[in-house]
Every structure is written in C-alpha cells, then in structure tokens.
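Student: I should like a close look at a single part of this protein, with its surroundings explained step by step. Please begin from the structure itself.

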Amino acid sequence: MSGFVEKPEPVEVPGLVHLHTGKVRDLYRDGDGRLVMVASDRMSAYDWVLPTEIPDKGRILTQLSLWWFERLTDLVPNHVLSTELPAGAPADWAGRTLVCRPLDMLPVECVARGYLTGSGLAEYEQTRTVCGLALPEGLTDGSELPSPIFTPATKAEVGEHDENVAYEEVARRVGAGTAAELRQTTLAVYDRAREIARGRGIVLADTKFEFGLADGALVLADEVLTPDSSRFWPADQWAPGRPQQSFDKQFVRDWLSSPASGWDRHGDTPPPALPEDVVAQTRSRYVEAYERLTLTRWQ
C-alpha cells in the first residue's frame with residue numbers, strides 16, 4: 001500500500017478546471033487551454049506523500065526551475081509561458097505557479113547519471129550494468145562514472161514505483177528517432193548543468209527530466225534540476241565508498257527508515273508525521289541548494 005496519507009482537496013478557482021493532483025503539483029486548465037501548474041509544499045518519500053509539508057518547498061522548486069530554464073533555452077525549449085497568477089487564484093499561489101503550454105507528454109522519465117548511487121548502484125551490484133549499460137568493475141557508492149549515461153525509467157502513477165528500463169524499450173515506446181533525441185538532449189542538458197553546479201561547489205550526481213512534444217518538437221517540461229528531481233552533493237564532502245551528504249530529500253528518507261520514526265516502510269501502515277527538527281533541517285537543505293546554485297539569497 002502507498003499513495004497519499006491524506007489526499008488534499010483541490011483548490012477551486014473560477015475559470016480553472018482541476019485536472020490532476022500529483023505528489024507535489026496540482027494541475028489545472030484555464031479558459032485558453034493553457035496548463036496552470038502549482039507546486040505545493042508536499043513531500044513524498046518511499047512512494048508515499050507524507051502528512052507533513054516543508055515550508056517554502058514549492059516556491060523553491062518553482063523559482064529554481066525558472067532559473068535553470070533560462071540557462072538551457074539554447075539547448076531545448078521549455079513549456080513555460082508565464083508566471084502571472086490567474087485571476088482569482090489564492091495569494092498563496094504566488095511564486096509557485098507556472099502557466100504552461102500543453103504538450104503531448106512522453107511516457108518516459110529521462111534520467112542522466114554521472115555518478116553511481118541509488119537504484120543504479122543496486123542494479124550495478126547485481127549485474128555490473130545500469131539499464132543494460134555495462135560499467136567497469138570496482139565502482140562503489142558515489143563513484144564518478146567514466147562518462148555520463150542515459151538511464152531511462154517508465155513513469156509511474158502516485159504510489160507506484162518508476163521502473164528502470166533499457167534504451168531499446170524507450171525506442172519501442174516512442175520510436176527510434178524520438179528516443180535518440182531524448183538521449184542526446186538529456187545528456188546535453190545534464191552536461192551543461194553539471195558544469196554550472198561544479199562552479200558552485202556542487203556535484204550533480206544524477207537528475208531526471210520530463211519531455212513532451214509540441215508540433216512534433218521536443219520540449220522540456222515539469223520541474224528541472226531541483227532537489228526533488230536531482231541528487232546534489234557538496235563537492236568538498238564527496239567521497240566514494242559511502243552514502244554522500246546531499247541537498248535533496250535524502251534527509252527525510254533517512255529519518256523515515258531509522259528506528260526513531262518507528263515506521264516499517266515495507267508494511268501497510270502510512271508514514272508518520274515528520275518532527276519539527278526534521279522539517280526545519282530539510283527546508284534548510286532546499287534553501288541552501290537554491291542559494292548556492294543561483295548565488296541569490298532566498299527571500
């Protein structure tokens with residue numbers, strides 16, 4: 001069992017039609033057919049949307065995505081049309097709302113990895129491969145790969161696991177030409193972002209992107225290069241052979257899987273509320289990621 005501990009009721013706004021409530025974002029359609037995407041402060045972990053929110057998280061994700069979109073436009077267009085609040089929207093939506101062009105979304109999570117960890121490490125330890133790609137012997141948790149790799153996954157519904165797949169499966173689902181473009185664009189964006197992050201003292205270990213099509217052209221969608229979609233490690237603390245310090249939600253995962261939480265994540269019971277200190281420390285990691293990357297103080 002997994003999903004929402006308690007699924008929120010969608011906010012009703014005149015002129016907007018609620019389409020979907022995801023783990024973090026709520027999606028609406030306006031009267032002109034544009035999509036309105038609102039990033040909440042919800043936190044998900046282990047396929048559960050937790051009962052405790054992280055203050056400012058949705059705004060941080062939105063503002064950081066916008067910062068990255070500006071630095072990637074020469075590589076791939078993105079879906080953002082406006083950041084103006086729709087008429088009648090609640091004041092709390094300010095800073096967390098994007099008005100976007102609708103896309104034909106591709107059913108693939110496009111993951112780029114420059115370092116070995118997470119599900120990639122688990123597969124490597126069994127087969128010395130990740131998504132069917134052979135890797136050298138002797139790699140450990142946190143090892144830098146000889147070169148970045150494209151390791152796609154299938155998109156899952158809330159409460160389900162994304163599943164790593166081989167490149168050939170992507171080609172089967174979306175066509176050989178689109179699959180090749182997804183791989184090339186994913187790695188190009190990762191390379192750009194990795195260099196920018198490196199200049200800020202951050203290792204971009206891996207990240208995932210979502211793409212859609214508009215008039216047959218590939219468009220970058222959803223969020224991009226945030227602590228929710230990426231693993232950011234402080235470069236001065238990176239040391240292969242152990243789990244790394246991070247700016248993402250690994251802190252929450254670690255607490256949930258510790259005896260302190262009292263939660264059996266392999267059972268059927270929903271996760272508990274997060275303690276105040278875990279909430280505060282998680283928020284501080286999101287803020288630090290934003291400030292170190294953008295060189296701007298969080299407001």
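Student: How far is the sulfur of C110 from the closest cysteine sulfur, and in which residue does that sulfur lie?

Tutor: The model is a predicted one. In it, the closest cysteine sulfur to that of C110 belongs to C131, at 11 Å, which is too far for a bond. Seen from the other side, C131 likewise takes part in no disulfide, its nearest cysteine sulfur being that of C110. A disulfide would require the two sulfur atoms to lie within 2.5 Å. The search of the whole structure gives the corresponding total, 0 disulfides.

Both cysteines are nevertheless enclosed. C110 counts as buried because its relative accessibility is 1%, and C131 is buried as well, with a relative accessible area of 8%. C131 is also one of the members of a nonpolar core of 9 residues, which include L116, L139 and L145. This core lies apart from the largest one, which has 57 residues. Within the largest core, the residues with the most contacts are W68, L182, F211, L225 and L274. In soluble globular proteins, nonpolar side chains tend to be buried together. For L274, the contacts beyond four places in sequence are L50, T52, I54, V252, W255, L256 and V279.

From the cysteines one may move along the chain to T117. This residue occupies the loop between strand 10 (108-115) and helix 2 (118-127). T117 is buried, its relative accessible area being 9%. Once the neighbours within four places in sequence are set aside, T117 is in contact with D141, D206, R231 and W233. Two of these partners can be placed on named strands: D206 falls within strand 16 (residues 202-214), and W233 falls within strand 18 (230-234).

Strand 16 leads to a hairpin. Strand 16 and strand 17 run antiparallel and are joined by 5 bridges; in one of these pairings, E210 has A221 of strand 17 as its bridge partner. The two strands form the hairpin with 2 residues between them. Strand 17 (residues 217-221) is largely enclosed by the rest of the structure, because 4 of its 5 residues are buried.

The turn of this hairpin contrasts with that enclosure. D215 is found in the loop between strand 16 and strand 17, and D215 is exposed, with a relative accessible area of 87%. The phi of D215 is positive, at about 55°. Most residues other than glycine have a negative phi, and most peptide bonds are trans. D215 also lies 8.8 Å from L103, C-alpha to C-alpha, although 112 residues separate the two in sequence.

Two further aspartates show a positive phi. D222, with a phi near 60°, is placed in the loop between strand 17 and strand 18. D56 has a phi of about 75° and is not a glycine; the place of D56 is in the loop between strand 6 and helix 1 (57-72).

Strand 6 introduces another element, an open sheet of 3 strands in the order 1-6-5, with mixed pairing. Strand 1 (3-4) and strand 5 (44-45) are at the edges; each has a single partner strand, so one side of each is left without a neighbour in the sheet. Strand 1 and strand 6 (residues 48-49) run parallel and are joined by 2 bridges, and V49 in strand 6 is the bridge partner of F4.

These parts may finally be set within the whole. The protein has 6 helices and 18 strands, and 50% of its 299 residues count as buried. The radius of gyration is 19 Å, which agrees with the value near 19 Å for a compact globule of 299 residues. Along the principal axes, the C-alpha atoms fill a box of roughly 60 × 50 × 40 Å. Among contacts between residues at least 6 apart in sequence, 62% join residues at least 24 apart. The accessible surface comes to about 13700 Å², and 48% of it belongs to carbon and sulfur atoms.

To return to the point of departure, C110 and C131 are both buried, yet their sulfur atoms are too far apart for a bond.

Methods: Residues numbered from 1 in each chain as written. Predicted model: local features only at pLDDT ≥ 70, side-chain atom pairs only at ≥ 80, totals over all residues. Heavy atoms only, no water. Buried < 20%, exposed > 50% of the residue type's maximum accessible area, 1.4 Å probe, protein only. Contact = heavy atoms within 4.5 Å. Core = buried A, V, L, I, M, F, W, Y, C linked by side-chain atoms within 4.5 Å. Pairing = 2+ DSSP bridges. Rg over C-alpha atoms; globule rule 2.2 N^0.38 Å. Areas by Shrake-Rupley, 256 points an atom, 1.4 Å probe, with all protein chains shown as cover.
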